[in-house]
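Trainee: Please take one part of this model and go through it closely. I would like a connected account rather than a list.

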Amino acid sequence: MSRTRLRHATVAAGVLVLAGCAAIPQPEAPPPAPRPVAPAPPPAPLPTPTLGWEDRAVDRGAWRYDAASRTAAFVPTGSANPLLTMACSGGGIRLTSALDGAVSLRTSAGTDQLRFERGSATLPSRDPRLDRIAFSRGRFALETPGGGALTLPVQSEIGRVIEDCRG
């Protein structure tokens with residue numbers, strides 16, 4: 001064997017010996033079991049407005065859009081529970097809130113009526129009331145005859161869930 005081949009064979013053997021010295025991987029500890037989730041508290045009663053819907057401050061919080069579920073939710077600051085959820089459901093948009101019964105929808109285009117039953121109302125995806133919400137100037141309100149009201153900002157998430165539902 002020539003010196004060059006002997007040198008290559010020695011280097012190759014050394015590399016194989018070093019590769020065989022790698023540490024044996026230890027299995028990772030299993031992740032901790034998830035903590036049980038406490039049920040959501042019942043929604044707080046809606047505040048009674050003292051000003052007209054155009055003059056009162058909008059509820060503090062932000063709209064969140066989830067493309068996977070085709071849902072827009074208005075979540076108040078400091079809470080995880082949405083005040084209003086708009087979800088594409090079949091051929092319509094389901095509005096979910098603490099509202100119940102006859103509800104006045106106030107937009108810059110005028111006042112319409114919605115019927116919430118057990119906290120939700122469903123509108124066909126092409127219902128013009130959805131467009132009135134999406135294109136209202138800065139805000140819209142949902143008011144109950146008993147005085148409870150939501151005054152929410154109009155943001156792009158509303159139009160997005162409507163358009164996603166319309167296809």
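Mentor: G91 sits in the loop that links β3 and β4. This is a predicted model, and the positions discussed here are read from it. G91 counts as exposed because its relative accessibility is 58%, where the cut-off is over 50%. Leaving out residues up to four places away in sequence, G91 touches P124 and S125. G91 also lies 8.7 Å from L123, C-alpha to C-alpha, with their positions 32 residues apart in sequence.

The strands on either side of that loop belong to an open sheet of five strands, ordered β1-β2-β3-β4-β7 and paired antiparallel. Its edges are β1 (61-66) and β7 (120-124), each of which pairs on one side only. From one strand to the next, the twist averages 20°. At the β1 edge, six bridges connect β1 with β2 (residues 71-76), and the two run antiparallel. Within this pair, G61 is opposite P76 of β2. In general, strands of a sheet pair through backbone hydrogen bonds, in either a parallel or an antiparallel manner.

Helix α3 lies across β1, β2, β3 (84-89) and β4 (92-97), and runs at about 25° to β1. The helix covers residues 156-166, and its buried residues are E157, I158, V161, I162, C165 and R166. After α3 comes G167, with a positive phi near 85°.

The largest nonpolar core has 28 residues, and those touching the most other members are W63, L84, M86, L95, F140, L142 and I158. To this core α3 gives the most, with four residues. Nonpolar side chains tend to be buried together in soluble globular proteins. I158 itself touches W63, M86, I133, A134, F140 and P153, if residues up to four places away in sequence are not counted.

L114 is the contrast to G91: the residue is found in strand β6 (residues 110-116). L114 is buried because its relative accessible area is 5%, against a limit of under 20%. Apart from neighbours within four places in sequence, L114 is in contact with L95, G101, A102, V103, L105, L123, R129 and L142. Among these, L95 and L142 are also in the list of core residues that touch the most other members. The C-alpha atoms of L114 and T144 are 10.0 Å apart, and the two residues are 30 apart along the chain.

Methods. Residues are numbered from 1 along each chain as its sequence is written. This is a predicted model: local features need pLDDT of at least 70, side-chain atom pairs count only at pLDDT 80 or more; totals for chains, interfaces and linings use all residues. Side-chain values use heavy atoms; hydrogens and water are left out. Buried means under 20% relative accessible area, exposed over 50%, partly exposed in between (1.4 Å probe, protein chains only). A nonpolar core is a set of buried Ala, Val, Leu, Ile, Met, Phe, Trp, Tyr and Cys residues joined through side-chain atoms within 4.5 Å. Contact means heavy atoms within 4.5 Å. Two strands pair if DSSP finds at least two bridges between them. Axes are lines fitted to C-alpha atoms, for helices over the stretch in contact, and angles run from 0 to 180 degrees between N-to-C directions.
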